[in-house]
Amino acid sequence: MPGSCIIVIPCLNEARHIGPLLAQLLPSSRRLGALVVVADGGSEDGTRNIVSAVAADNPDVVLIDNPRRLQSAAVNLAVSRFGGRAEYLIRIDAHGGYPDDYCDRLIKDAHDTGADAVVVSMLTRGSGIVQRAAAAAQNSRLGTGGSKHRHSSMGEWIDHGHHALLRVDAFSAVGGYDESFSHNEDAELDHRLKQAGFRIWLSGRTQMTYFPRNSLKGLYGQYLGYGRGRARNLLKHRLVPKLRQMVPLMVFPAALVAMLTPLHWLFAPPLALWAAICLAYGGRLAWRAGDPKLALAGVSAMVMHFAWSLGFWQQMVGAGVRGRPA
């Protein structure tokens with residue numbers, strides 16, 4: 001039925017990717033009678049011109065402004081304007097890779113399972129040395145702690161995964177994304193969905209490909225934000241970190257303790273042991289892949305862990321300073 005689905009693409013300066021992405025999505029949007037909404041956060045690289053040109057020839061593509069620039073705000077805005085005509089919301093990341101039948105399979109999963117949200121596995125892939133190493137780290141247990149949606153799935157009920165499809169009525173019932181979150185807004189929404197009794201299905205039919213940051217500096221900034229977002233999520237809902245999150249949480253405190261090594265050598269082993277494990281794991285990945293350059297995955301994992309831990313504790317301490325119990 002026309003208008004039964006909206007496909008929302010939050011974007012900012014994605015001129016290299018938005019054209020091919022829209023070309024890929026248009027056939028499935030026509031099959032599904034879907035409206036494609038590109039929510040732009042103020043691109044200055046020609047993204048808006050590309051989308052406008054596509055929209056001029058395709059009435060089922062629209063461009064809207066996202067003045068808050070956040071992905072959470074982009075999706076909320078699209079649903080508030082166009083959600084009334086839709087049963088499903090599909091969220092697409094402008095910088096991701098998708099199978100041609102991605103949207104079709106998400107809809108089929110929703111129909112077959114009765115799920116209120118369908119999430120997907122997010123497999124990471126890179127091209128340059130740093131990006132490939134970051135991808136290897138993010139695809140490994142060392143980098144993800146065994147998070148289910150970071151690995152292929154046969155299909156299962158789950159608490160959280162990479163957001164792909166949501167029923168508009170379920171999304172609206174819990175108030176949509178919390179726009180105060182710049183990171184981790186998907187996990188925060190999943191918590192509220194579960195609290196409200198809605199069900200989340202991890203698809204075994206399809207998945208998406210994620211392309212990580214291509215510099216260690218970019219990776220550091222990204223995971224710093226992730227750590228802050230996770231802490232805000234725990235504080236908001238009074239949750240306790242999962243066991244797989246406990247170990248990386250201790251990296252920044254271990255670094256602080258290591259600064260006392262001049263007083264006694266016993267302050268050094270915790271940080272040294274963590275670094276040795278990461279570097280050895282990177283070496284193992286390189287050996288198994290037959291590619292010495294992948295040894296940098298251990299360094300990438302160290303950057304991810306340290307930044308995530310630092311961001312987490314920055315948010316926790318900041319909440320305590322503002323008088324909110326951490």
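**Cysteines, internal cavity and backbone outliers**

C5 counts as buried, at a relative accessibility of 1%. The model in which this residue sits is predicted, and the values reported below were computed from it. A second cysteine, C11, is likewise assigned to the buried class, its relative accessibility being 7%. Both values fall under the 20% limit that marks a buried residue.

Burial of these cysteines is not accompanied by sulfur bonding. A disulfide is a covalent bond between the sulfur atoms of two cysteines. The search for such pairs, run over the whole structure, returned zero disulfides. A pair is accepted when the two sulfur atoms lie within 2.5 Å. For C5, the closest cysteine sulfur belongs to C103 and lies 6.5 Å away, so the separation is too far for a bond. For C11, the closest cysteine sulfur is again that of C103, but at 16 Å, and this distance is therefore also too far for a bond.

C103 also appears in the description of the internal space. One cavity of 30 Å³ or more was found when the whole structure was searched. The volume of the largest cavity is about 30 Å³. Its lining consists of Q24, L25, S28, Y98, P99, D100, Y102 and C103. In terms of secondary structure, at least two lining residues are supplied by each of helix 1 (18–32) and helix 4 (102–113). Helix 1 accounts for the largest share of the lining, with three residues. Sorted by class, the lining of the largest cavity comprises five nonpolar residues, two polar residues and one charged residue.

Turning to the backbone, positive phi values were noted for two arginines. R69 has a phi near 70°, a positive value in a residue other than glycine. This arginine is placed in the loop that joins strand 3 (61–65) to helix 3 (71–82). The relative accessibility of R69 is 47%, and the residue is therefore classed as partly exposed. The upper limit of that class is 50%, above which a residue is termed exposed.

The other arginine, R238, has a phi near 55°, which is likewise positive in a residue other than glycine. R238 occupies the loop between helix 9 (216–237) and helix 10 (243–249). With a relative accessible area of 75%, R238 is exposed. The two arginines thus fall into separate accessibility classes, R69 being partly exposed and R238 exposed.

Terms used
Residues numbered from 1 in each chain as written. Predicted model: local features only at pLDDT ≥ 70, side-chain atom pairs only at ≥ 80, totals over all residues. Heavy atoms only, no water. 1 Å grid on protein atoms, 1.4 Å probe; cavity = no way out; pocket = protein on both sides within 12 Å on 5 of 7 lines; lining within 4 Å. Points joined across faces, edges and corners; volume = space filled by probe spheres on them. Helix = DSSP H or I, 4+ residues; strand = E, 2+ residues; numbered from the N terminus. Nonpolar A, V, L, I, M, F, W, Y, C, P; charged D, E, K, R; others polar. Buried < 20%, exposed > 50% of the residue type's maximum accessible area, 1.4 Å probe, protein only.
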